[in-house]
Amino acid sequence: MSYNATGMFLRFTLGVLGLAGLAFPAEVSFSKDVQPLLEARCLKCHGEKMQLAKLDLRTREAALKGGEKGPAFIPNQPEQSSLYRKVAGLEKPLMPMDGKLSEAEIAILRDWIAQGAKWEGTIGTDAPKQDLSALEEMKLPEGARQFWSFRKPLKAAVPRTGEPEWDRHPVDAFLRKAMLDRGLKVAPMAGPVTLVRRAYLDLTGLPPTVEQVREYTSDTAPNAWEKLIDRLLESPRYGERWGRHWLDVARYADSNGYEHDFDRPNAWRYRDYVIQSFNKDTPFNVFLAEQIAGDELERVTNDTLIATGFLRSYAKVGFREKDNPQFRYDYLDDMIATVGRGILGLTVQCARCHNHKFDPIAQKDYYKLQASLYGYVEVDHALVPEAEAKAYTVKVKEIEDNVKPLRAAIKEMEEPYRAKLLEEKYRKWPEHIQKAVFTPEAERTPGQVLLANQIIRTTNATAAEIDRILPAAELEHKRALEARIREFERERPKAIPVAAGITDGDYRFTPDGAGDEPAPGKGIKQEVTEGSFLCDGSTPYQAPPSYFLHHGDVHSRGSVMKPGFVSVVDDGSMPAALPPAHQRTSGRRLALARWLGSSANPLTPRVMVNRIWHHHFGRGIVTSLDNLGKAGDPPTHPELLDWLAVEFVERGWSVKRMHRLLMSSRAYRLSSEFGGGSNLNTDADNLYWWKFRPQRLEAEVVRDSILFASGSLNAKMFGPAVFPELAEEVLASMDKGIWRKQKDGPEVWRRSVYVYRKRGLPLPFFEVFDLPDQNITCARRTTSTVPTQALTLLHNEWVLNQARRLADRIATTAPSGPDAQLDLGYRLALSRPPTPEERRIGLEFLSTHTLADFAHVMLNLNEFVYLR
């Protein structure tokens, strides 16, 4: 029954019942009520100028066809209609985006749909055209630049406390002044044994040896502590420890992620570059420039080319960008998020679809940054002389040209059999999935497109399966073709070393779904991937156009964007492009890197010194390490943070000098074992550092400390990743990518920074101890206390094996008996001798248990997994 027939029936029934006076919705006029509403509030995003989400509301047919989210409405069913549900706030996002409709306007659309959604012709043809360029502009709010983190840091005078032992060091003076202002008592100094263990774990991620503890505690020189810090900063282990912190920021991994999780065979070179950079104390602003624009610097080296792997470390769908060109904007968004959060301490990525909701960051700022990065293409940088790389490329191309027609012939031969096998596999799925797959591509609904793509992409017919159904003659012909391919492959030269990185190229994406539109221009000759081209430098490189995207929609292009920076912290003194002499790139990334590492940028030095402080003291001066904006936490000591930021820049952006400054403070050497008394009423969370904050060791340090204590640690540095042995049931859960089977032993007992980082299958031991999400930048790891951590240390076979090795080490080194073995066990595991009470309990334990049991207990102590 139609809505109008139903309405007549109800009116008749109500009249018979004497209830005709009840209100009943009057028929809605499309031309008088609905059309003006759609034209005023909806067509600016779903009309002639743009069709956000591919939804066109100018005709009834287009509205019923719908866009990416399906039809706009279902006649007679407002409660199931997307248009009504979104304007009524029943579905997100609330529409229209420029402000909620009134209740009366919502009722008009509801009743109109309920009455069948009558329509009259095409609307919007005479509607005034909106100047969309006006939507791209945002005026900075008055006083926006006065927010604390947007102001240039100033080096305030170091306060005086009147306490000589606290006034000798600037960090101490700032901290003690804040304590005195709040009436806070201060903890006593930690003992030398505690301090030496603290310093080793903090700077190298490994505990000290028994001899190293003895060496420090017996050094009576007044500068013994400073000498220890210098020794540790010169240790190659320092880069392994502090490089790991940066790899969290860089979202480093050895695999792509997502469902295929392909291997990245050369990603490890970037990891090694980071370790070496920290060991060399590369100035932090140079370190940033190498990673963002290592191919654009005045002096390009293998190291700077490897460094560009920073921008390429995003998680990725599939293997080739051509397969999924629509994801390019998501990869750019990931780059912007990583640069924003990891370097600037701002959530710039939140301005992708609209002006930032909290900070004065315009959507246009986002697209200026995108324009700085937009020309990137993925490349494997050759790490050999140019002539050798060219000869290798020529020979490989010759082989590929010979092999290509042979592979094509095999593919053509296999195709009908592959199609048959795939159809059989598709037929095993439920009916609705089969319907999606077998519906012609052009006729699929948006839901069917998603479903069909997922099934088609993940369903394969293997060569072995095809061979089983090939007729004998065709199989024989295939084997002959394969033999010819092997002959050519035998001539393939040994692969040259390459680094996975980026450079500038010409990559154009047509948002109507047609795929890539390569635009080879003058001077652009070498094809990198399908749709990506490098410039040979014979003429200056021209960056492809990058557009402002209204609502972040690739189908709603606005103005062509020029590169630039975040306006609220940009004084306009630095150029947005610095074209290099070689002319092969735009210089936009180089300009961005120079701006990020400039003393004129108030954010970068603050973010880095705050990060260093966090890792030393267990909490940042600003707790939200990657958000110094208005939604982040305020600094507890703003003058100290600014003083350190200026000092960092003045000392040449040296990270090691900042370590020396912070660790030489009295505050760093305070004891963690101090109740605090009345402090708990004023500062129960120890925000003002009246004692040292204990820190649970990260997953990698826990594993490395176990290996170190047992004497099993393989100190080999650098090179391809290792694959610790996994249980068969864990390996069975891996569907794609790699995890090489290496037996548990010295080869894989290397430091954890060298363990393969598989996004889809993290090492379970790491995951238990709060390994962060490897798909996105991470400033600060979560620290949890959950039963699985204790259970892992108690029952994990690898831990049990290392406990046995620790017991063997104790027995071999201290054969004289339980007393000496107990003492050595404590010194190996905790860097200290046992207390009298611990000695009594330990000897009693050893009288009824094995030495392996005792060693296992030592690895399970709370003190073993904490920095104190």
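**Exercise 1.** State what the accessible surface of the protein comes to and which share belongs to carbon and sulfur atoms.

*Solution.* The accessible surface (Shrake-Rupley method, 1.4 Å probe) is about 39,600 Å². Carbon and sulfur atoms hold 54% of that surface.

The model is predicted: local features need pLDDT of at least 70, side-chain atom pairs count only at pLDDT 80 or more, and totals for chains, interfaces and linings use all residues. Residues are numbered from 1 along each chain as its sequence is written, and side-chain values use heavy atoms, with hydrogens and water left out.

**Exercise 2.** Determine whether D570 is buried and whether it has a salt bridge.

*Solution.* Step 1: place the residue. D570 sits in the loop between β8 (557-560) and α23 (588-596); strands (E, at least two residues) and helices (H or I, at least four) are DSSP runs, numbered from the N terminus.

Step 2: check burial and charge. D570 is buried, that is, under 20% relative accessible area (1.4 Å probe, protein chains only). A salt bridge needs a side-chain nitrogen of Lys or Arg within 4 Å of a carboxyl oxygen of Asp or Glu. D570 has none, and K368, the nearest side chain of opposite charge, is 5.5 Å away.

**Exercise 3.** Describe the largest nonpolar core.

*Solution.* Step 1: define the set. A nonpolar core joins buried Ala, Val, Leu, Ile, Met, Phe, Trp, Tyr and Cys residues through side-chain atoms within 4.5 Å.

Step 2: count. The largest has 167 residues, and W246, V566, W613, L644 and F765 have the most contacts inside it.

Step 3: find the main contributor. Helix α16 (residues 328-344) gives the most to this core, 8 residues.

Note on methods: Buried means under 20% relative accessible area, exposed over 50%, partly exposed in between (1.4 Å probe, protein chains only). Lys and Arg count as positive and Asp and Glu as negative; His and the chain ends are not counted.
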